[in-house]
Amino acid sequence: MPNIENRVREGDANLADSHVLEGVELSKTYEPPWPDWVPMGRRVGVLEGAEITIDAGEIVGIVGENGAGKSTLMQILVGALAPDAGDVRRSGQVGWCPQEPLLYDRLTVRETFRLFGTAYGMDDEAIVAARDQYADRLGFAEFLDYRIDHLSGGNRQKINLSVALMHDPDVLLLDEPYTGFDWETYLEFWELTEELTERGTAIAIISHFVSERERFDRILELADGRLTDVTDGGPKDAASADPRGVSADD
Amino acid sequence: MTEALDLKTGASPARRLSAGIGAQIRAFVRTPINVVLLVVLPLVVVEGYGVAMAAFPQLPFVDTGTLAEMGRVNGAIYSVAFFAGVLGLFQVISARQADERLRICGYSRSELFASRLITVALGSLIITGAALAVLWWNVPPEAPLFAFGALALAALVYGLIGMLVGAVLPRALEGSLVMVFLVDFDDFLSSGLLDIDSPILPLFPLHFPHKLFRSAVFDGSVALGNAAAGVTYVLVTGVVALLVYVRLTGNGGELA
């Protein structure tokens with residue numbers, strides 16, 4: 001099966017209907033590991049039947065209040081956390097940029113790319129090409145030999161994002177990806193996402209709020225454990241809505 | 001314009017393992033406290049135990065070596081067990097979340113475990129060499145190779161216990177306290193300084209390494225039964241640590 005980029009180039013008619021990522025009836029509750037009568041910790045319901053689909057070439061914003069469960073949802077979608085109920089279907093490679101840069105503090109930037117590139121199954125040439133490409137675009141070329149724990153928060157976030165992008169994934173899940181970016185890098189980030197979506201990459205971005213709605217194809221709000229489509233201001237079922245914001249019933 | 005990177009070839013498990021171990025070793029030597037402990041701990045503990053024990057009168061049931069020599073032998077065991085235990089603990093907890101990301105990116109849980117275990121094993125061998133060298137200064141072992149093996153066994157079993165504690169209790173302070181008390185208690189009960197006759201003693205991790213080490217240092221002999229029991233203990237602990245690690249890292253730290 002040709003990859004998503006080639007299918008976009010070939011004008012695959014079925015591409016619009018293909019979900020690169022689908023979460024069905026996702027539920028998750030955090031429970032303390034001891035019985036209820038032990039007065040330590042408490043049960044917190046986060047997701048209750050949340051549904052989401054992300055299609056090739058679209059960019060989806062996921063918003064919600066603090067503690068709404070956005071990061072939990074993303075961890076479940078990427079496979080870092082198991083849901084209590086429901087199912088996640090992924091097609092193609094996933095790139096994950098977690099909210100906190102999950103990197104090894106004592107490694108240099110160069111070593112970090114080598115480690116994660118090896119994890120992705122890239123050879124040395126591909127790792128160097130990806131590293132240099134994103135170092136140039138996001139502006140961290142002069143920090144390649146710096147240890148991660150010696151970088152500023154913004155530069156660490158650039159590495160965090162680049163590690164998610166370096167293997168050219170089919171679907172990108174980004175949790176507050178531009179936290180700490182300066183204005184230039186912020187604009188570069190959006191330029192990068194546009195290029196990626198043009199090539200067929202699906203992108204989901206988690207944010208507390210979406211200030212530039214026009215950059216998103218759809219905006220989903222997570223509240224009370226469920227996702228609703230609020231692209232046009234009104235709530236719609238997230239899974240049945242059209243990727244471009246048109247209701248399935250229209 | 002972003003270029004599509006189409007050079008993916010797939011990495012062999014050996015390449016992933018090598019990259020993982022290399023990263024762990026770099027992280028280890030770049031943590032100053034690790035290097036300081038590696039040098040200072042054997043020296044302070046072996047000599048400290050020796051000097052402290054020399055102040056006591058000879059005990060009637062201690063029939064091998066002087067109390068000062070016994071103290072240094074116990075110090076050697078304590079230093080390798082404590083260092084390896086703490087190393088195992090921090091190998092698991094310090095990189096726990098980044099490991100989760102690495103797993104999402106393509107590492108299997110067993111590859112992650114293996115890379116941590118090999119790093120712990122290397123650290124255990126280095127601390128074993130350091131502790132034996134310090135011991136040799138005042139107490140030359142009768143059978144140095146067997147003594148090294150017994151000491152390495154003590155380090156390995158506690159390296160694995162450290163990984164196990166790190167997987168179940170992923171907190172630096174609490175995990176470190178568990179390791180301190182466990183190693184201290186175990187070393188004391190297994191040391192032969194007390195005339196204890198209890199069926200639960202062989203269950204302590206240092207019981208067989210201690211017996212092996214004392215006989216290798218003082219008599220130059222090795223009891224094969226003790227060696228087999230010690231190796232079996234390490235293997236069983238390794239399997240338990242692997243199973244717990246795999247279960248925990250597969251579900252965001254929650255036991256499935």
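This is a tutorial chat about a predicted model, working from values to the terms used for them.

Student: What makes residues 1-11 of chain A a stretch to treat with care?

Tutor: Their pLDDT stays under 50. That score is the predictor's confidence on a scale from 0 to 100. Where it is low, the predicted coordinates should not be read in detail. The model does have 17 contacts beyond four places in sequence for residues 1-11 of chain A. Residues 237-250 of chain A also have a pLDDT below 50, with 29 contacts beyond near neighbours in sequence.

Student: And what is the pLDDT of chain A on average?

Tutor: Chain A averages 84, and 85% of its residues score at least 70. As for content, chain A has six helices and ten strands, and 48% of its 250 residues count as buried. Among its contacts with a separation of 6 or more, 72% are between residues 24 or more positions apart.

Student: Why is A:Glu25 called partly exposed?

Tutor: Count the neighbours: A:Glu25 has 14 other C-beta atoms within 10 Å. Buried takes 20 or more and exposed takes 12 or fewer, with partly exposed in between. So 14 puts A:Glu25 in the partly exposed class. A:Glu25 sits in strand β1 (residues 19-30) of chain A, and its phi is positive, about 50°, although it is not a glycine.

Student: How do you know that A:Glu176 belongs to the partly exposed class too?

Tutor: A:Glu176 has 18 C-beta neighbours inside 10 Å, so it counts as partly exposed. The cut-off for buried is 20. A:Glu176 lies in the loop between β6 and α6 of chain A, and its phi is near 50°, again a positive value in a residue other than glycine.

Student: What about A:Glu48: where is it, and what is it in contact with?

Tutor: Its place is in strand β2 (residues 44-55) of chain A. With 17 other C-beta atoms within 10 Å, A:Glu48 is partly exposed. Beyond its neighbours within four places in sequence, A:Glu48 is in contact with A:Ser27, A:Gly225 and A:Arg226.

Student: How do you know that A:Glu48 and A:Ala204 are not in contact?

Tutor: Their C-alpha atoms are separated by 20 Å, with their positions 156 residues apart along the chain. A contact needs C-beta atoms within 7 Å. A:Ala204 is also absent from the contacts of A:Glu48, which are A:Ser27, A:Gly225 and A:Arg226.

Student: What makes helix α2 (residues 70-78) of chain A largely enclosed by the rest of the structure?

Tutor: Nine of its nine residues are buried, so the label follows. Those residues include A:Leu73, A:Met74, A:Ile76 and A:Leu77, along with A:Lys70 and A:Gln75. Just after α2(A), A:Gly79 takes a positive phi of about 100°.

Student: Why is helix α8 (residues 207-218) of chain B described as close to its expected span?

Tutor: α8(B) has twelve residues and reaches 17 Å from its first C-alpha to its last, close to the 16 Å expected at 1.5 Å a residue. α8(B) is also mostly covered, as ten of its twelve residues are buried. Among them are B:Phe208, B:Leu212, B:Phe213 and B:Val217. Just after α8(B), B:Gly220 has a positive phi of about 75°.

Student: How do you know that β8 and β9 of chain A pair?

Tutor: Pairing needs at least two bridges, and four join strand β8 (residues 218-223) of chain A to β9(A), so they qualify. The two run antiparallel, and A:Leu220 stands opposite A:Asp229 in β9(A). They form a hairpin with two residues between the strands, and A:Asp224 in the turn has a positive phi of about 55°.

Student: Which face of β9(A) is covered?

Tutor: The one with A:Leu227 and A:Asp229; A:Arg226 and A:Thr228 make up the uncovered face.

Student: What makes up the contact between domain 1 and domain 2 of chain A?

Tutor: Domain 1 is 18-34 + 42-92 + 171-231, and domain 2 is 99-169. Their centres are 22 Å apart over C-alpha atoms. The contact takes 15 residues from domain 1 of chain A and eleven from domain 2 of chain A. On the domain 1 side, β6 (171-175) and α6 (183-198) each supply at least two residues, and β6(A) gives the most, with four. By class, that side has six nonpolar, five polar and four charged residues.

Methods:
Residues numbered from 1 in each chain as written. Chains lettered and ligands numbered in written order. Predicted model: local features only at pLDDT ≥ 70, side-chain atom pairs only at ≥ 80, totals over all residues. Contact = placed C-beta atoms within 7 Å. Domains from an automatic or database assignment. Nonpolar A, V, L, I, M, F, W, Y, C, P; charged D, E, K, R; others polar. Expected span 1.5 Å × (residues − 1).
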